[in-house]
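Colleague: Could you take me closely through the contact between the two chains, and then set it against how each chain is divided? I would like one connected account rather than a list.

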Amino acid sequence: MATMALQRDIPPAGSPLELRTIVGTLIKWALLAVYGLALLYIAWGLYAAGEALFAAVVLALMVGTTIVFGLRRFYTIRFIFPAVMAVLIFIALPVGFTSYVGFTNFGARNLLTQDRVIAYHMQRTIVDASTERPFVLSRDVEGYRLFLPEGEGGFISEPFALDGSPVEIGMTPVSQAPETVLEMRDVVQLRGPLGAVTAVLPDGTDLTLSGLRSFATVRPVYEEQPDGSLLNIADGTVLTPDQSVGFYRNEEGQAIAPGWRVHVGWANFQRVLFSDNVRQPMLQIFVWTVVFAFLSMVLTFSVGILLASLLQWPHLRFKGFYRIMLVLPYAVPAFISILVFRGLFNQNFGEINLILQTLFGIKPQWFTDPNLARAMTLIVNTWLGYPYMMLLGMGYLQAIPQDHYKAAALEGSGPLRNFFAITLPQLLPPFVPLLIANFAFNFNNVVLILLLTRGLPNIPGTEIPAGATDILGSFTYRMSFNDAGQNFGMAGAISTLIFIVVAIIAYANFVAMRRYAAAKGRGQ
Amino acid sequence: MIVENPRALFFKKLAAHTFLIAFIALILFPFLMVLSISFREGNFSTGSLWPERPTLEHWYLALGIPYERPNGVIVQPPFPVMLWLWNSIKIGVIASAGILMLSTTAAYAFSKLRFRHKGIVLDSLLIIQMFPAALTVIALYTLFDALGSITPLLGVDSHWALVIAYLSAITLHIWTIKGYFDSMDPALDKAAQIDGATPWQTFRFVFLPMSIPILAVVFVLAFIFLVTEYPIAAVLLREQGQMTLAVGARQYLYEQRYLWGDFAAAAILSGIPITLVFLLAQRYLVSGLSEGAVKG
């Protein structure tokens with residue numbers, strides 16, 4: 001059938017096609033040119049914005065696309081090029097960036113680049129009190145005039161427009177003050193535009209607005225020294241840059257905020273692996289992550305397979321109805337059901353505690369007791385995950401020959417024995433890769449933890465906020481986006497370590513799957 | 001079918017049905033509760049499963065219609081739920097279509113064409129996807145923040161930025177579709193080649209029309225995954241009007257402002273379309289799931 005379709009749809013090679021081919025080529029090149037120019041514009045913009053790395057990536061994308069789609073040699077590569085590029089830019093690049101950040105001290109305390117920190121310090125200004133003098137503003141048809149009184153007379157400026165753009169006005173000595181001056185309250189309203197005015201006295205002194213009523217020479221506090229340190233002009237102290245921590249230090253050795261990003265080598269990794277303050281909660285969280293992922297896997301598998309076996313029982317009626325009902329928890333978007341559970345488990349007015357109180361008079365502290373919070377997480381995750389196992393189990397159960405059960409029935413074997421002697425041994429091999437994948441998924445099931453408990457209750461007395469229900473992923477996510485003390489560097493280091501663990505699990509899964517496939521191939 | 005003792009069989013059946021019904025009641029309890037809560041008065045009130053004084057207030061608010069209480073007070077909807085749902089569906093459909101295009105072409109090349117380092121590329125794609133996606137969001141945020149300074153179209157709070165970021169979630173789909181292509185008869189390929197078809201024509205006119213069923217499965221899987229995706233969307237979408245449902249729904253349940261009743265109605269309303277898509281597609285999904293896609 002397909003070959004017939006082929007004959008119909010593919011036009012035969014011939015002369016009328018040549019024109020079409022030429023037009024097609026022209027269109028292709030035109031599209032490529034538009035696309036290339038757009039990317040070039042973006043790359044240029046990124047470079048101008050100081051994001052050299054991203055600019056290089058976009059430029060590489062442009063060059064790569066042009067080569068792959070322009071040259072016939074790379075015909076085959078065209079099929080995978082867009083997909084590979086999407087993965088490289090939006091997964092590999094962020095992964096690389098995150099790992100790289102793991103080797104820096106990037107975080108709330110070291111947020112900026114060193115240039116921005118220097119700019120920040122240089123912006124700080126000090127008023128030279130000796131030059132401070134009051135001013136008045138007058139207005140006539142030509143514009144505003146600034147007058148700085150001195151003795152009987154003073155200095156008056158040329159008329160200038162006060163529109164907020166920076167202006168430099170020359171002051172000339174006069175013997176008397178202007179006759180009409182603006183009221184103080186009008187001057188206050190013009191404070192903004194006045195700030196952009198620099199008045200130059202005949203002796204060359206620059207004066208700018210230094211208060212509501214005064215102009216004075218305003219100078220930066222710091223002066224950059226040739227050796228990179230900053231000299232405080234007012235009191236003569238020196239700030240020395242310390243590249244090992246990314247801070248300026250004053251003469252007493254204290255670090256002056258803000259800090260900048262510096263490379264810290266393996267320091268973050270060392271802290272994670274060897275520093276007691278970090279390792280203690282990390283170890284606890286790691287153990288809980290493994291327990292959580294393992295128990296989630298076992299519980300969802302057991303419940304799912306139990307239900308699948310029941311639904312496969314030939315004597316059972318209303319199978320379709322049961323199946324739809326049992327699949328519902330999987331069908332409803334997880335973020336909705338997790339939030340529903342968050343409400344139902346609420347300690348004070350959640351429905352679950354209301355029922356438990358009426359029936360047994362107990363009111364479990366689901367969100368404040370660490371063990372109950374963990375139990376709740378597992379209950380919710382089992383509820384969410386068993387239908388997946390059930391659906392898969394129903395598929396695999398059909399592959400088990402009915403003869404085995406008939407033979408067992410003749411021998412007088414009961415349902416329990418049947419399950420453990422016939423069903424489970426035949427079910428497990430194809431399930432193993434899926435179980436490992438499930439383990440890896442729950443190992444990183446950040447959404448569940450973030451939406452249900454946010455990792456709470458907190459483990460008391462830890463240096464970095466860590467919760468009893470936190471898994472490694474949510475712990476790291478909270479570390480990055482916590483309101484108090486974001487630590488991207490540490491988060492990057494932990495992410496990299498998690499990646500290594502999960503990648504090994506995934507690779508093992510890979511090997512298991514291939515072995516299984518090979519074994520099946522040999523068996524047939 | 002194994003013939004059993006009728007009396008024993010009867011008790012077994014009874015036990016099975018009782019168990020299943022009890023289990024389903026337990027499983028459905030949260031849904032029933034939420035349904036009941038959505039008709040209750042106020043956001044904190046507790047009560048029986050069957051509300052004593054049912055009100056449609058929460059449903060009006062979820063649909064975005066201001067509600068007038070009997071005492072004349074007019075309540076405004078707290079959040080634009082319908083807009084969120086629309087955002088979710090829009091982003092989900094566009095990104096799933098994009099994912100489908102990228103992964104189908106790539107899967108075809110990985111399955112049928114020959115090029116260097118094919119195995120390595122395929123394996124690295126799978127391994128790199130194992131990096132916890134939720135933890136690369138800092139980098140993604142930095143990237144889109146920089147892009148946004150050039151064109152707001154690709155910046156933070158833009159739906160297009162999120163769609164582009166989602167286009168990278170393709171590895172598992174490539175595997176699923178590749179498995180399907182692998183199972184197709186290699187003779188088709190040969191026949192097309194002999195007729196002078198280029199690889200693109202073979203793909204477009206032979207393999208693509210034949211792979212519609214698996215493409216439908218992948219589309220639904222991608223759509224469900226994207227509509228329920230939380231970490232990336234939460235970081236890239238900050239403005240209330242731009243949020244997707246998964247991000248916005250959380251706004252209802254802050255400790256200081258716990259809109260339990262309003263949330264219940266909004267959750268049911270917005271959950272229904274996605275649930276329906278899933279239930280309609282579930283027969284086909286089972287095969288797709290066991291091919292390699294992973295969801296909890």
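Modeller: In this predicted model, the contact draws 82 residues from chain B and 88 residues from chain A. On the side of chain B that touches chain A, the elements giving two or more residues are α1 (6-37), α3 (81-112), α4 (118-128), α5 (137-148), α7 (171-182), α8 (186-194), α9 (199-210) and α13 (260-291) of chain B. Of these, α13(B) gives the most to that side, with 12 residues. Sorted by class, the side of chain B that touches chain A is made up of 62 nonpolar, 16 polar and four charged residues.

It helps to place this beside the division of chain B itself, which is split into domain 1 (6-75) and domain 2 (81-291). The C-alpha centres of domain 1 of chain B and domain 2 of chain B are 33 Å apart, and the two domains meet through 14 residues of domain 1 of chain B in contact with 13 residues of domain 2 of chain B. On the side of domain 1 of chain B that touches domain 2 of chain B, two or more residues come from each of α1 and α2 (57-62) of chain B, with α2(B) giving the most to that side, namely four residues. By class, this same side of domain 1 of chain B has eight nonpolar, five polar and one charged residues.

Turning to chain A, the domain assignment gives domain 1 (16-101), domain 2 (125-220) and domain 3 (271-523). Taken over C-alpha atoms, the centres of domain 1 of chain A and domain 3 of chain A are separated by 41 Å.

One residue of chain A is worth following individually. Ser229(A) sits in the loop between β11 (222-224) and β12 (230-232) of chain A. With 15 other C-beta atoms within 10 Å, Ser229(A) counts as partly exposed, because a residue is called buried at 20 or more such atoms and exposed at 12 or fewer. If its neighbours within four places in sequence are left aside, Ser229(A) is in contact with Val238(A), Leu239(A), Thr240(A) and Pro241(A). For a sense of distance within the chain, the C-alpha atoms of Ser229(A) and Tyr405(A) are separated by 84 Å, the two residues being 176 residues apart along the chain.

Technical notes: Residues are numbered from 1 along each chain as its sequence is written. Chains are lettered from A and ligands numbered from 1 in the order in which they are written. This is a predicted model: local features need pLDDT of at least 70, side-chain atom pairs count only at pLDDT 80 or more; totals for chains, interfaces and linings use all residues. Two residues are in contact if their C-beta atoms, placed from the backbone, lie within 7 Å. Ala, Val, Leu, Ile, Met, Phe, Trp, Tyr, Cys and Pro count as nonpolar, Asp, Glu, Lys and Arg as charged, and the others, Gly among them, as polar. Domain bounds come from an automatic or database domain assignment.
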